[in-house]
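Here is a short round of questions about the words used for a structure. Let's look at it together.

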Amino acid sequence: MSDLFLHDVRLPSGERAALELRGGIIRSIHASGSGGPGLPAPADLPREDGRGLLVLPGAIDMHVHFRQPGGEHKETLLTGARAAVKGGTTTCGDMPNTSPHTTTLAALAQKAALAAEAPCHLLFNFGAAPENLLDVRQAAATPWVRALKIYMGPSTGHGGLAPEHTEAHFRQAGRMGLPVMVHAEHIESIAAAEGRFPHDARHHADLRSIEAELTAVHEALRMARDHGTKLHLCHVTSARVLDLVEASGIRERVFVEVCPHHLLLSTADIHGPVENRYKVNPPLRPEPERAALLAALAARIDGLASDHAPHTLAEKRLPYDEAPSGIPGVEYVLPFALAWWAEGRYDLARLIALTSGNVARFLGLNRGALEPGREADLVLVDPDARWTLGAGDDRVASKCGWTLYAGTPLRGRPLVTLVGGRVVYRHGG
Ligand code: NCD
Ligand code: ZN
Ligand code: ZN
Ligand code: ZN
């Protein structure tokens with residue numbers, strides 16, 4: 001944490017301002033009306049020239065897979081965090097499907113010890129296991145854990161938790177006020193489809209249908225209602241899920257997360273020599289579903305997360321049944337959110353809600369708003385910059401080294417990232 005006088009930035013309201021950051025906290029905001037951006041820096045504060053750039057709260061991405069321990073050849077907490085801050089993300093929530101799973105205090109401590117080096121805040125979503133209710137209570141008392149993660153169906157590195165154990169965790173989490181994040185795909189529906197379709201990337205969406213997702217979401221909503229649990233639905237792929245959530249009677253207790261890949265790509269995009277690059281759980285959906293989900297972004301969705309799931313291209317080249325599921329993208333969440341804003345899909349207040357504000361409120365983090373008293377996790381953006389993802393001066397920072405979006409023209413670019421009042425990333429520097 002540190003102190004800084006951030007001179008001459010533009011607030012989302014359009015006003016020019018200077019921000020006084022002390023002890024990692026936004027101490028005061030001097031907008032044009034109140035002394036203005038021209039205010040001289042207090043003598044004791046180092047000064048950063050904001051060059052008139054737009055200042056936003058850093059993005060909060062509660063769904064990343066940084067693979068450490070056990071998958072360090074794909075990503076580590078350090079390489080993942082570096083990629084995050086390059087894209088303007090200042091808090092990441094790492095998932096428990098590492099090896100070992102993060103379902104014990106010992107496994108949590110191992111990750112926490114590695115986190116000190118990381119340039120962004122790291123939180124660890126603790127994993128639900130058949131017999132770890134006590135571990136969950138202890139983990140939730142540490143500063144590292146803000147949510148419990150439950151795999152209601154199988155995905156990379158996890159076979160899925162049995163329904164009776166899932167229910168026990170929902171019950172306990174409800175009593176504790178601990179939000180539950182779910183991977184919602186119904187195990188039996190997936191098993192039933194197994195023999196009915198060819199096993200290849202193009203049929204992944206048939207092998208794991210929207211109905212399988214709806215069945216699991218329906219069950220998660222039922223448990224959240226019965227036990228008073230706060231529910232975070234991970235990687236929602238269909239607006240039909242939103243209909244269920246809105247009819248649930250507990251909308252205010254549910255957080256709907258969507259990922260850029262389900263907003264940008266559909267089954268029609270699956271092509272190239274390595275089709276398994278598009279294999280992800282839950283799958284990419286047909287084009288009309290993608291379009292409907294993107295149309296819902298402006299009003300019906302609570303937040304964006306990357307589900308950053310780095311795998312090597314060598315792993316993706318394996319035959320379909322052996323190739324791991326998952327698409328990398330931790331460094332491109334805010335860039336896409338900015339591009340959608342530049343397209344006129346929503347205003348800056350909504351961009352902040354989608355990238356940090358809503359999830360901060362849901363989890364009780366003192367972040368995600370530009371106000372005195374909030375943590376000084378900030379990103380400086382050139383709103384007019386036109387650039388091409390994965391080309392020119394943009395190199396993929398994730399250790400896995402590839403992206404599905406290379407060549408995409410974007411508008412609006414994160415240039416400087418601050419965590420706790422300290423500059424942790426500077427584009428080109
Ligand atoms: C994720 C992974 O690789 O860890 N894969 C994926 O397809 N999304 C696991 C997950 O989020 O389900
Ligand atoms: Zn998942
Ligand atoms: Zn995931
Ligand atoms: Zn902070």
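The turns below go through metal sites, burial and one helix pair.

Q: Before we start, how do you know what the numbers rest on?
A: This is a predicted model, in which local features need pLDDT of at least 70 and side-chain atom pairs count only at pLDDT 80 or more, while totals for chains, interfaces and linings use all residues. Residues are numbered from 1 along each chain as its sequence is written, chains are lettered from A and ligands numbered from 1 in the order in which they are written, and side-chain values use heavy atoms, with hydrogens and water left out.

Q: What makes H63, H65 and D307 donors of the zinc ion (ligand 3)?
A: Donors are N, O and S atoms within 2.8 Å of the metal (3.2 Å for Na, K and Ca), and because water is not among the atoms, sites may look incomplete. H63 (NE2), H65 (NE2) and D307 (OD) coordinate the zinc ion (ligand 3) at 2.0 Å, so they meet the limit of 2.8 Å. Along the sequence, these donor residues follow the spacing H-x1-H-x241-D.

Q: Why is the arrangement around the zinc ion (ligand 3) called tetrahedral?
A: Four donors are tetrahedral if all angles lie between 85 and 135 degrees; four are square planar and six octahedral if opposite donors are over 155 degrees apart and all others between 65 and 115; anything else is irregular. Around the zinc ion (ligand 3), the 4 donor atoms subtend angles of 90 to 133°, so the arrangement is tetrahedral. For reference, the ideal angle for four tetrahedral donors is 109.5 degrees.

Q: Why is the arrangement around the zinc ion (ligand 4) irregular?
A: Its 4 donor atoms subtend angles of 55 to 147°, which makes the arrangement irregular. The protein donors here are H121 (NE2), E375 (OE), D377 (OD) and D377 (OD), lying 2.0 to 2.4 Å from the zinc ion (ligand 4). H121 lies in strand β8 (residues 121–124) and D377 in the loop between α13 (348–363) and β15 (378–388), so the pair ties together parts that are 256 residues apart in sequence.

Q: How do you know whether H121 is buried, partly exposed or exposed?
A: Buried means under 20% relative accessible area, exposed over 50%, and partly exposed in between (1.4 Å probe, protein chains only). H121 has 23% relative accessibility, so H121 counts as partly exposed. D377, in contrast, is buried, with a relative accessible area of 4%.

Q: What makes H183 and H235 buried?
A: H183 is at 1% relative accessibility and therefore counts as buried; H235, at 2%, is buried too. H183 (ND1) and H235 (NE2) coordinate the zinc ion (ligand 2) at 2.0 to 2.1 Å. The zinc ion (ligand 2) is 3.7 Å from the zinc ion (ligand 3).

Q: Why is α8 called oblique to α10?
A: The two helices pack at an angle of about 50°, with their axes 8 Å apart. Angles under 35 degrees count as roughly parallel, over 145 as roughly antiparallel, 65 to 115 as roughly perpendicular and the rest as oblique, so α8 is oblique to α10. In this pair, A239, R240 and L242 in α8 meet E289, A292, L293 and A296 in α10, where contact means heavy atoms within 4.5 Å.

How values were computed. Helices (H or I, at least four residues) and strands (E, at least two) are DSSP runs, numbered from the N terminus. Axes are lines fitted to C-alpha atoms, for helices over the stretch in contact, and angles run from 0 to 180 degrees between N-to-C directions.
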